[in-house]
Amino acid sequence: MEIIQQTAFTGADGIQLTTVPDKQPTATQIQLKTAYTPVLPWDWRSATGELAGLNPARPPYVLSYALTGIVTAVGQLRRTTLLGQRLLTVNFHGSAREQNLLAPSPLVLPVPDQVSLAAATTLIGGADAAVKLMQAAKIHAEMTVLVTGAAGGVGSYHVQLLHQQGATVIALSRPANRDWLTQLGADYTIDYTTDLAAQLHATPKATVLLDTVGNTQLLNSLAAGQPQLQVWSIAQQNWQPLAATQAFHFVNGPIWPQQYRRLLDQLATGQLTAAIAATYDFHDVRQAQQAAQQPGQRGRTLLRYSH
């Protein structure tokens with residue numbers, strides 16, 4: 001079995017593929033043949049030591065934590081009806097493995113037949129982060145909300161979920177994504193690569209900013225002249241508001257299992273669309289990370305472990 005390890009805090013240069021012996025599940029474990037893992041900012045930011053305060057893993061460690069896969073073996077205390085099931089789940093010991101062994105957990109979630117494993121993989125580190133941020137900000141109908149990184153793996157779900165709630169959505173992205181974001185539910189789009197002040201003046205005044213990018217200069221530009229702006233971020237821990245009437249909150253953490261089930265159901269019924277930027281064989285993990293960090297990506301980059 002091959003695994004993807006971060007062997008040093010040297011970014012992509014520290015990534016190595018290593019072969020380790022296969023293991024059989026213990027009495028309470030299930031074995032998944034891994035289908036996909038997402039390429040997340042968590043991975044490449046952890047790889048430099050930047051997130052050492054949030055991620056306790058130290059090299060060498062196995063990358064990633066989210067995965068989808070198919071159950072290929074079960075321990076003697078687990079139901080054999082699990083065999084062949086398609087699951088979305090997490091492995092906090094690192095999911096970037098050809099096979100994952102998992103103990104019982106409420107975050108072992110069956111994937112509906114109508115949902116591809118690739119689409120389901122975008123929920124963890126994507127839609128769940130969007131839900132968490134929106135709940136923290138107490139988003140409700142008739143709010144006007146700015147979204148940074150609107151075309152990305154989290155932002156594209158923000159746009160859809162905000163639209164569902166009846167909020168007015170101002171999506172920041174590149175012009176090439178304008179029509180696509182409008183289809184997802186954006187009411188206004190702003191090109192973050194050009195003058196922001198004039199564009200913000202031409203849109204309704206937002207009171208909430210949901211940040212998935214973590215760029216201090218961008219946050220400063222968006223907050224200038226908006227004294228009531230409340231900023232909620234999953235990507236920036238220490239931004240300083242420009243005015244005493246502004247507020248900043250860093251948000252991190254999981255959502256409830258039933259919320260994941262609701263997201264899976266929405267993918268199954270077409271209420272949500274999974275945006276996948278590209279899919280790479282897991283042997284090409286370095287190339288995948290480099291591609292995922294390029295600006296203007298639509299959705300999440302995935303690693304594929306089986307065909």
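Two strands count as paired here if DSSP finds at least two bridges between them, and with that in hand the tour of this predicted model can start at a strand pair.

**First stop: β3 and β7**

Select strand β3, residues 30-39, together with β7, residues 99-102; these strands pair in the antiparallel sense, and four bridges join them. To find one of the bridges in the viewer, pick I30 and look across to L102, which is its bridge partner in β7. Now colour the residues of β7 by the face on which they lie: N100 and L102 make up the covered face, whereas Q99 and L101 belong to the uncovered one.

**Second stop: the pocket beside β7**

Keep β7 selected and show the second largest pocket, whose volume is about 380 Å³. Which residues lie nearest its centre? They are N91, R97, N100, L101 and L102, out of a lining of 19 residues. Strands β6 and β7 each supply at least two residues of this lining, and β7 gives the most, with four residues. If you colour the lining by class, you should find 10 nonpolar residues, seven polar ones and two charged ones.

**Third stop: S95**

Next, select S95, which is in the loop between β6 and β7. Is S95 buried or exposed? Its relative accessible area is 0%, so S95 is buried, the limit for that class being under 20%. Leaving aside residues up to four places away in sequence, S95 touches T34, T37, V62, L63, S64, Y65, A66, L67 and N100. Two of these contacts lead to other stops: N100 is on the covered face of β7, and Y65 is part of a cluster of rings.

**Fourth stop: the aromatic cluster**

Show the aromatic side chains, among which the structure holds four aromatic pairs. Begin with W42 and Y65, whose ring centres are 6.3 Å apart and whose planes stand at 85°, so this pair is edge-to-face. W42 lies in helix α1, residues 41-46, and Y65 in the loop between β4 (61-62) and β5 (66-74), so the pair ties together parts that are 23 residues apart in sequence.

Stay on Y65 and add F92 to the selection: the centres of these two rings are 6.1 Å apart and the planes are at 15°, so the pair is stacked. F92 lies in the loop between β6 (86-90) and β7 (99-102), whereas Y65 lies in the loop between β4 and β5, and the pair therefore ties together parts that are 27 residues apart in sequence. With W42, Y65 and F92 all displayed, you can see the cluster into which ring pairs link them.

Colouring the cluster by accessibility shows how its members fare: Y65 is buried, at a relative accessible area of 19%, W42 is partly exposed, at 24%, and F92 counts as exposed, at 66%.

**Last stop: the sheet β2-β1-β4**

Finally, select β2, β1 and β4, three strands that form an open sheet in that order with antiparallel pairing. Strands β2 (15-19) and β4 stand at the edges with a single partner strand each, so one side of each is left without a neighbour in the sheet. Strands of a sheet pair through backbone hydrogen bonds, either parallel or antiparallel. Zoom in on β1, residues 2-6, which pairs with β4 in the antiparallel sense over two bridges. Within this pair of strands, Q6 stands opposite Y61 in β4.

Notes
Residues are numbered from 1 along each chain as its sequence is written. This is a predicted model: local features need pLDDT of at least 70, side-chain atom pairs count only at pLDDT 80 or more; totals for chains, interfaces and linings use all residues. Side-chain values use heavy atoms; hydrogens and water are left out. Rings of Phe, Tyr and Trp (its six-membered ring) pair if their centres lie within 6.5 Å; planes under 30 degrees apart count as stacked, over 60 as edge-to-face and the rest as tilted. Buried means under 20% relative accessible area, exposed over 50%, partly exposed in between (1.4 Å probe, protein chains only). On a 1 Å grid over the protein atoms alone, a cavity is a set of points where a 1.4 Å probe fits but cannot get out, and a pocket is an open set with protein on both sides within 12 Å along at least five of seven lines; lining residues have an atom within 4 Å of a point. Grid points are joined across faces, edges and corners, and a volume is the space filled by probe spheres set on the points. Ala, Val, Leu, Ile, Met, Phe, Trp, Tyr, Cys and Pro count as nonpolar, Asp, Glu, Lys and Arg as charged, and the others, Gly among them, as polar. Contact means heavy atoms within 4.5 Å.
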